[in-house]
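Colleague: I'd like a close look at one sheet in this model. Start there, then work outwards through whatever contacts seem worth a glance, and give me your cut-offs as you go.

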Amino acid sequence: MGLKIAVGCDHTGREHLDTVKKYLSEVSLNFGIEEVVEFHDEDYPKVALKVAEAVSLQTADRGILICGTGMGMCLAANKVKGVRSAVCNAPELAAISRKHNDSNIIALGARLIPASLVPQIIEEWLKTDFEGGRHAVRLNKIAAEETNLFSFSLRGRERVTIFNHPLVQHKVAMIRDKNTSVKDFRDLIKEIAGLMVYEITRNLQTIPIKVETPLAVTDAVACEGRTLAIIPILRAGIGMVDGILQLIPNAKVGHIGLYRDPETLNPVEYYCKLPTDINEREILILDPMLATGGSAIAGIELIKKHGGQKISFVCIIAAPEGIKKMHDAHPDVPIYAAALDSHLNDHGYIVPGLGDAGDRLFGTK
């Protein structure tokens with residue numbers, strides 16, 4: 001397989017991006033470059049995170065980012081698990097970033113370097129190998145501190161978290177497969193939900209307790225009270241419930257019934273049953289797919305009307321359109337997803353997605 005490179009720039013780097021693409025095309029045979037994928041946006045964090053996500057999920061082997069100085073892009077990219085981004089505004093820095101840091105993304109400053117220098121920087125980066133040895137030991141220490149999540153911000157607030165844990169991504173690949181059986185699909189949805197809630201509840205409040213072991217009394221901690229409510233959006237959200245209850249059996253479970261009008265794609269409510277103390281609980285709304293965002297928005301509105309305040313939305317697959325609409329309507333609600341996909345098709349389905357989650361969970365198609 002040839003080398004796949006993701007490239008991206010903000011408004012300051014358009015000219016340099018053209019130089020990068022032209023150079024990569026010219027040397028594609030020399031370096032075995034098979035494909036160049038392009039991203040650009042006025043907002044540099046969005047571009048950096050798209051390129052970094054491609055490298056992290058191994059849909060691209062390396063990435064090249066361009067902004068005014070390279071520093072903003074580099075900072076954003078290094079938020080993503082598995083990314084080793086370096087600002088390389090000179091050929092020598094590009095070579096060292098490969099030798100010592102095994103960089104898989106470089107960031108260039110369009111305001112600091114002439115376009116004519118860009119090919120030299122990229123050439124050094126492409127031809128230089130990682131030296132390993134003591135450098136590998138140090139990189140392993142950094143990797144050991146990485147989280148299995150990456151988050152990005154909208155309007156300056158960190159509200160979207162994508163789970164990059166290898167087990168989550170492996171199971172997501174399995175549920176995408178159209179040949180996965182109903183039973184296996186159902187089991188996998190439960191397992192993914194359980195893995196996700198393990199991280200989502202990392203900040204649950206605990207209280208100190210005493211526990212008597214067979215040998216002695218020791219200090220320990222316990223979760224403080226029964227503070228969680230999980231609210232699946234019917235019908236597909238039901239598939240995520242048992243995976244969470246296996247870890248948090250005392251969580252209360254409510255239900256919201258919504259269906260999507262096939263003509264308007266708008267949600268229609270037909271059922272709502274919530275815990276009576278919903279205003280006192282941390283709430284996880286569950287739905288495997290965040291597509292148009294209509295059901296999620298309507299579900300959150302219902303919960304808020306009943307007094308719910310601490311609300312998070314948990315899905316397996318999200319589309320950018322759904323995320324945007326969610327945050328336009330409810331900017332206070334964080335979103336947790338196992339994957340962020342490309343777009344919605346003309347019928348409102350997520351692409352590549354996994355089809356209709358409800359049908360696949362219950363074998364109705």
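Modeller: The sheet I'd pick is an open one of three strands, in the order β15-β17-β19, with parallel pairing. Its edge strands are β15 (289–290) and β19, each of which pairs on one side only. Before going on: this is a predicted model, so local features need pLDDT of at least 70 and side-chain atom pairs count only at pLDDT 80 or more, while totals for chains, interfaces and linings use all residues. Residues are numbered from 1 along each chain as its sequence is written, and side-chain values use heavy atoms, with hydrogens and water left out.

Strands here are DSSP runs of E with at least two residues, helices are runs of H or I with at least four, and both are numbered from the N terminus. Two strands count as paired if DSSP finds at least two bridges between them. Strand β17 (residues 317–318) has two bridges to β19, and the two run parallel. One contact to click on is Ala 318, whose bridge partner in β19 is Leu 340. As background, strands of a sheet pair through backbone hydrogen bonds, either parallel or antiparallel.

Now step off the end of β19. Asp 341 and Arg 176 meet through their side chains in a salt bridge, 2.7 Å from N to O. Asp 341 sits in the loop between β19 (339–340) and β20 (343–344), and Arg 176 is in helix α8 (residues 166–176), so this pair ties together parts that are 165 residues apart in sequence. The salt-bridge rule is a side-chain nitrogen of Lys or Arg within 4 Å of a carboxyl oxygen of Asp or Glu. For cover, buried means under 20% relative accessible area, exposed means over 50%, and partly exposed is in between (1.4 Å probe, protein chains only). Asp 341 counts as buried because its relative accessible area is 5%, whereas Arg 176, at 26%, is partly exposed.

Another salt bridge links Lys 304 to Asp 332, with the closest N and O atoms 3.1 Å apart. Lys 304 belongs to helix α11 (residues 294–305) and Asp 332 to the loop between α12 (320–329) and β18 (335–337), so the pair ties together parts 28 residues apart in sequence. Both ends are partly open to solvent probing: Lys 304 is partly exposed at 31% relative accessibility, and Asp 332 is partly exposed at 34%. Elsewhere, Arg 84, Arg 98 and Asp 102 are joined into one network by salt bridges that share partners. The whole structure has 18 salt bridges.

A local one makes a nice contrast. Glu 26 bridges to Lys 22, with the closest N and O atoms 2.6 Å apart. The two are separated by about one helical turn, because they are four residues apart in helix α1 (residues 14–26). Glu 26 is exposed at 51% relative accessibility, and Lys 22 is exposed at 54%.

What about rings? The structure holds one aromatic pair. The ring centres of Phe 163 and Tyr 336 lie 6.2 Å apart and the planes meet at 50°, so the pair is tilted. Phe 163 is in strand β7 (residues 157–163) and Tyr 336 in strand β18, so you're looking at a link between distant parts of the chain, 173 residues apart. Both residues are buried. The criterion: rings of Phe, Tyr and Trp (its six-membered ring) pair if their centres lie within 6.5 Å, with planes under 30 degrees apart called stacked, over 60 edge-to-face, and the rest tilted.

There's also a charge over a ring: Arg 62 lies over the face of Trp 125, 4.8 Å from the ring centre. That label needs NZ of Lys or CZ of Arg within 6 Å of the ring centre and within 35 degrees of the ring normal.

To compare another set of parallel strands, try β1 (residues 3–9), where six of its seven residues are buried. It runs parallel to strand β2 (residues 33–40), with seven bridges, and Cys 9 has His 40 as its bridge partner in β2. Strand β1 also runs parallel to strand β3 (residues 62–67), joined by five bridges. There, Val 7 stands opposite Ile 64 in β3.
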